[in-house]
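Student: I would like to learn how to read a fold from its strands outward. Can we work through one example together?

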Amino acid sequence: HYVRARLRSRGGALVATPTGAQGSHLLSSLQGATALLVIDEGEGAARDGDLLPALLLNDALPWDDLEE
């Protein structure tokens, strides 16, 4: 299962925020997405603070923010 998300840097760590409704028919959630979060089937919903693998889109990491 993939969740479209936007990555940003906070305190030297990457933080992901879902881009909105995730239905397959909703292409608008792709706008602004910088990653697809990977949630294994049967895992249920991710909670704040969970560490998840991410597939990066368009090399869109906030590199400048990571140097702080």
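Tutor: We go from elements to sheet, then to burial and contacts.

Tutor: This is a predicted model, in which local features need pLDDT of at least 70, side-chain atom pairs count only at pLDDT 80 or more, and totals for chains, interfaces and linings use all residues. Residues are numbered from 1 along each chain as its sequence is written, and side-chain values use heavy atoms, without hydrogens and water.

Student: In what order do the elements of the protein run from the N terminus on?

Tutor: Helices (H or I, at least four residues) and strands (E, at least two) are DSSP runs, numbered from the N terminus. Here the order is β-β-β-β-α. That gives one helix and four strands.

Student: What is the order of the strands in the sheet?

Tutor: Strands of a sheet pair through backbone hydrogen bonds, either parallel or antiparallel. Two strands count as paired if DSSP finds at least two bridges between them. This open sheet has the order E2-E1-E3-E4, with antiparallel pairing. Strand E2 (13-18) and strand E4 (54-56) are the edges, each pairing on one side only.

Student: How many bridges join strand E3 to E4?

Tutor: Three bridges link E3 (residues 35-38) to E4, and the two run antiparallel. Leu36 stands opposite Leu55 in E4.

Student: What percentage of the residues is buried?

Tutor: Buried means under 20% relative accessible area (1.4 Å probe, protein chains only). Of the 68 residues in the protein, 21% are buried.

Student: And which share of the contacts joins residues 24 or more positions apart?

Tutor: Contact means heavy atoms within 4.5 Å. Among contacts with a separation of 6 or more, such pairs account for 43%.

How values were computed. Buried means under 20% relative accessible area, exposed over 50%, partly exposed in between (1.4 Å probe, protein chains only).
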